[in-house]
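Let's take a walk through this one together, from single loop residues out to the whole chain. Keep the viewer open and follow along.

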Amino acid sequence: MGRMLELLLVALLLKTLALTATAVSQIGDECNVDADCSSGLYCSLCAAAGDVSTTCIRSQATPSTHLPFNKYAWLTTHNSFAIEGEPSATGSILKTNMNQEDSVTDQLNNGVRGFMLDFYDFLDDVWLCHSEGGICYNHTAFQPASQTLKEIELFLVANPTEIIIIFIEDYVQVPNGVSEVFTNAGLKQFWFPVSKMPKTGGDWPTVDEMIQTNQRLLVFTSVESKEEREGIAYEWNYMVENMWGDGGMQPGSCPNRGESRPMNDANKSLVLQNYFRDDPNENLSCVDNSANLENMLDVCYKASGNRWTNFLAVDFYKRSSGGGAFKAVDLLNDKMQCGYDGIDACQARLNLMGLPYSQLVTELNTCA
Ligand SMILES: *[C@@H]1O[C@H](CO)[C@@H](O)[C@H](O)[C@H]1NC(C)=O
Ligand SMILES: *[C@@H]1O[C@H](CO)[C@@H](O)[C@H](O)[C@H]1NC(C)=O
Ligand SMILES: *[C@@H]1O[C@H](CO)[C@@H](O)[C@H](O)[C@H]1NC(C)=O
């Protein structure tokens, strides 16, 4: 009797060891405890579906937050502030290009996380404006930057796990003018410090860490000296970027813009991809933001030394003939993350996108 019990215990111990050693059961595989299942899954029974044994079941939303920041793609709007139908806060009639159609708050609620903003000295303040020779005029001035930054502040406060990235095309000459406008908008509390940004390639802190430390706002300026003077990251110290406008839309090519190092410079951990016209056109953007955009992801991947885009910048971000820029960003996340999270996370994302299993094989082959 004693020997039987002993054998039984040994058998149980061996089974437990085998399970804990592997813990790689995938969705639908049988399991005994949560630890049997790979990450993002738990062990449960769906009796109502007629299941008779416990299986590994999805427990986490996609995308995850445990990977380095540079393993994610972020939907970015070009000239996020140049919104059709919004009057100039100067009271003048606007005579300038428009690139978007809904407010920054709506953009945030729809999942836009990157914002390209043009900052100018104007009327004793910092304004969002379009350039004519680097000068802001009433007929090209949208509103004080503080108003848009306040919308971003409200969103960061209300959504404690979200991260926002701002790219400033910076014409502000007033010393500390840019810093002050962020301070006054209550955004310094979310500031991600330059000291934590990788300078010679390599991974960024994880998204989890950025959330835990509440350093959830990344701000990049186009003026190199402001990194030293004001602690605002100089954009091209940290990322490569392709040509903007028509130069970034030539099929089959993804050249860097002048200020950026070559796309394949691995000392820059991040990749910014522009895909919008010189002359914004809301009617043509539904074509631009569909298959043409998707095709270009691959072109820029190859040009960037086999690295997928982190920031995908478009005009009229909601216009497409289907999945549009949202699907393009899903595809990028899928590509960057499937090699990390394993086949199930990849499969789950494909399911969300409504793509077939056969694509999974292709995806995994392109994973690093
Ligand atoms: C520009 O707008 C401001 C604010 O409304 C106004 O005070 C100023 O007179 C305007 N300038 C011109 C040249 O119209
Ligand atoms: C990357 O940085 C290292 C160390 O600073 C340097 O030796 C190397 O030349 C750089 N590579 C490129 C492509 O600039
Ligand atoms: C887009 O189409 C609408 C309706 O046909 C037209 O009124 C508008 O002028 C067009 N916009 C551009 C930039 O071509």
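Is N176 buried or exposed? With 12 other C-beta atoms within 10 Å, N176 comes out as exposed, because the exposed class takes in residues with 12 or fewer such neighbours. Bear in mind that this is a predicted model. N176 sits in the loop between β7 (164–170) and α4. Its backbone deserves a look too: phi is positive, at about 60°, although N176 is not a glycine.

Stay in that loop for a moment, since V174 also lies between β7 and α4. V174 counts as exposed, with 12 C-beta neighbours inside 10 Å. Now look for D125, which is 49 residues away from V174 along the chain. In space, the C-alpha atoms of V174 and D125 are separated by 9.3 Å.

D125 gives us a handy hop to another loop, as β5 covers residues 125–129. Between β4 (114–122) and β5 you'll find L123. Here is another residue other than glycine with a positive phi, this time near 45°. L123 is partly exposed, with 13 other C-beta atoms within 10 Å. That count puts L123 in the middle class because the exposed class stops at 12 and the buried class starts at 20.

Back to α4, and on to how it packs. Helix α3 spans residues 145–158 and helix α4 spans residues 177–184. Their axes come within 9 Å and cross at roughly 45°. That angle makes α3 oblique to α4. If you care about handedness, α3 passes α4 in a right-handed crossing. So which residues do the touching? On the α3 side they are A145, S146 and L149, and on the α4 side V181, F182 and N184. Sorted by type, the residues of this contact are four nonpolar, two polar and no charged.

Next, compare those loop residues with a residue in another setting. Q100 belongs to the loop between β3 (74–77) and α2 (104–109). Loop or not, Q100 is buried: 25 other C-beta atoms lie within 10 Å, and 20 is enough to qualify. Who surrounds Q100, once neighbours within four places in sequence are set aside? Its contacts are T77, N79, S80, A82 and I83, together with D315, F316 and Y317. Take Y317 from that list: Q100 and Y317 are 217 residues apart in sequence, yet their C-alpha atoms are 7.1 Å apart in space.

Now move along the chain to the two loops that flank α8. Before the helix, L284 sits in the loop between β11 (270–275) and α8 (285–303). L284 is partly exposed, with 14 other C-beta atoms within 10 Å. L284 and S320 are 36 residues apart in sequence and 9.2 Å apart from C-alpha to C-alpha. After the helix, G305 has its place in the loop between α8 and β12 (311–314). G305 counts as partly exposed too, with 13 C-beta neighbours inside 10 Å. Leaving out neighbours within four places in sequence, G305 is in contact with N264 and A266. P262 is 43 residues from G305 in sequence, with 9.9 Å between their C-alpha atoms.

There's a ligand to visit as well. Ligand 1 is surrounded by T90, G91, S92 and N138. What types of residue make up this shell? The split is no nonpolar, four polar and no charged. Glycine goes with the polar group in this scheme, so G91 is part of the polar count.

Finally, zoom out to the whole protein chain. It has eleven helices and twelve strands. Of its 368 residues, 38% are buried. What share of the contacts with a separation of 6 or more joins residues 24 or more positions apart? The figure is 67%. Q100 and Y317, 217 residues apart in sequence and in contact, are one pair to keep in view as you look at that number.

Note on methods: Residues numbered from 1 in each chain as written. Chains lettered and ligands numbered in written order. Predicted model: local features only at pLDDT ≥ 70, side-chain atom pairs only at ≥ 80, totals over all residues. Near = placed C-beta within 6 Å. Axes fitted to C-alpha atoms, helices over the stretch in contact; angles between N-to-C directions. Helix = DSSP H or I, 4+ residues; strand = E, 2+ residues; numbered from the N terminus. Parallel < 35°, antiparallel > 145°, perpendicular 65-115°, else oblique. Left-handed = near helix turned anticlockwise from the far one by under 90°. Contact = placed C-beta atoms within 7 Å.
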